[in-house]
Amino acid sequence: DESPDDAAVRGQTEDQVAAALATLSEEQRAVVQLSFFEDRPHSEIAERLSLPLGTVKSRLRLALMKLRSHWEQYD
């Protein structure tokens, strides 16, 4: 049911998200994946990755800063 225009926009957005995620380290990408795509709480991410809670929060903060910087090129 998706129009060709909508499909093209969705494809471009998916490519941009993939490119943005590729700028992250593997560790940052893991916490972003769990937090935003799997909607896991920080405490669960820390337990799942065997990391201190502060490390999870720090990696997320740094990842979001890097992603924000990446998205600014599209403005």
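This section describes helix packing, backbone geometry in two loops and salt bridges in a predicted model.

Two helix pairs were examined for their packing. Helix α1, spanning residues 4-22, and helix α4, spanning residues 53-72, have axes that come within 9 Å and cross at roughly 135 degrees. An angle over 145 degrees would count as roughly antiparallel, and 65 to 115 degrees as roughly perpendicular; α1 and α4 are therefore oblique to each other. The crossing of these two helices, α1 and α4, is right-handed. On the α1 side, the contact is made by Q16, V17, A19, A20 and L21, which meet L67, H70 and W71 of α4. Divided by class, the residues of this contact comprise 6 nonpolar, 2 polar and no charged.

The second pair consists of helix α2 (residues 26-37) and helix α3 (residues 42-49), which pack at an angle of about 135 degrees with their axes 10 Å apart. By the criterion applied above, α2 and α3 are therefore likewise oblique to each other. A right-handed crossing is found where α2 passes α3. The residues that meet are A30, V31, L34 and S35 from α2 and H42, I45, R48 and L49 from α3. This contact of α2 with α3 contains 5 nonpolar, 2 polar and 1 charged residues.

Backbone geometry was then considered in the loops. D39, although not a glycine, has a positive phi of about 55 degrees. This residue, D39, is found in the loop between α2 and α3, and with a relative accessible area of 65% D39 is exposed. A positive phi of about 55 degrees also occurs at S50, which is not a glycine either. S50 is placed in the loop between α3 and α4. The relative accessible area of S50 is 65%, above the 50% limit, and S50 is therefore classed as exposed.

The structure holds 5 salt bridges. Among them is the bridge between R10 and E2, in which the closest N and O atoms are 2.9 Å apart. R10 also meets the side chain of E14 in a salt bridge, with an N to O distance of 3.1 Å. E14 and R10 both belong to helix α1 and are separated by 4 residues, about one turn of the helix. The residues joined by these two bridges are partly exposed: the relative accessible area is 38% for R10, 43% for E2 and 46% for E14.

A further salt bridge joins E38 to R48, the closest N and O atoms being 3.3 Å apart. This pair links distant parts of the chain, as E38 lies in the loop between α2 and α3 whereas R48 lies in helix α3, 10 residues apart. E38 is partly exposed, with a relative accessible area of 30%, and R48 also counts as partly exposed, at 47% relative accessibility. E38 and R48 are linked with R40 and E44 in a network of salt bridges. R48 thus appears in two settings, both in the contact of α3 with α2 and in the salt-bridge network. The loop between α2 and α3 likewise holds both E38, a member of that network, and D39, the residue with positive phi.

Key: Residues are numbered from 1 along each chain as its sequence is written. This is a predicted model: local features need pLDDT of at least 70, side-chain atom pairs count only at pLDDT 80 or more; totals for chains, interfaces and linings use all residues. Side-chain values use heavy atoms; hydrogens and water are left out. Axes are lines fitted to C-alpha atoms, for helices over the stretch in contact, and angles run from 0 to 180 degrees between N-to-C directions. Angles under 35 degrees count as roughly parallel, over 145 as roughly antiparallel, 65 to 115 as roughly perpendicular and the rest as oblique. A crossing is left-handed if the near helix is turned anticlockwise from the far one by less than a right angle, and right-handed if clockwise. Contact means heavy atoms within 4.5 Å. Ala, Val, Leu, Ile, Met, Phe, Trp, Tyr, Cys and Pro count as nonpolar, Asp, Glu, Lys and Arg as charged, and the others, Gly among them, as polar. Buried means under 20% relative accessible area, exposed over 50%, partly exposed in between (1.4 Å probe, protein chains only). A salt bridge is a side-chain nitrogen of Lys or Arg within 4 Å of a carboxyl oxygen of Asp or Glu.
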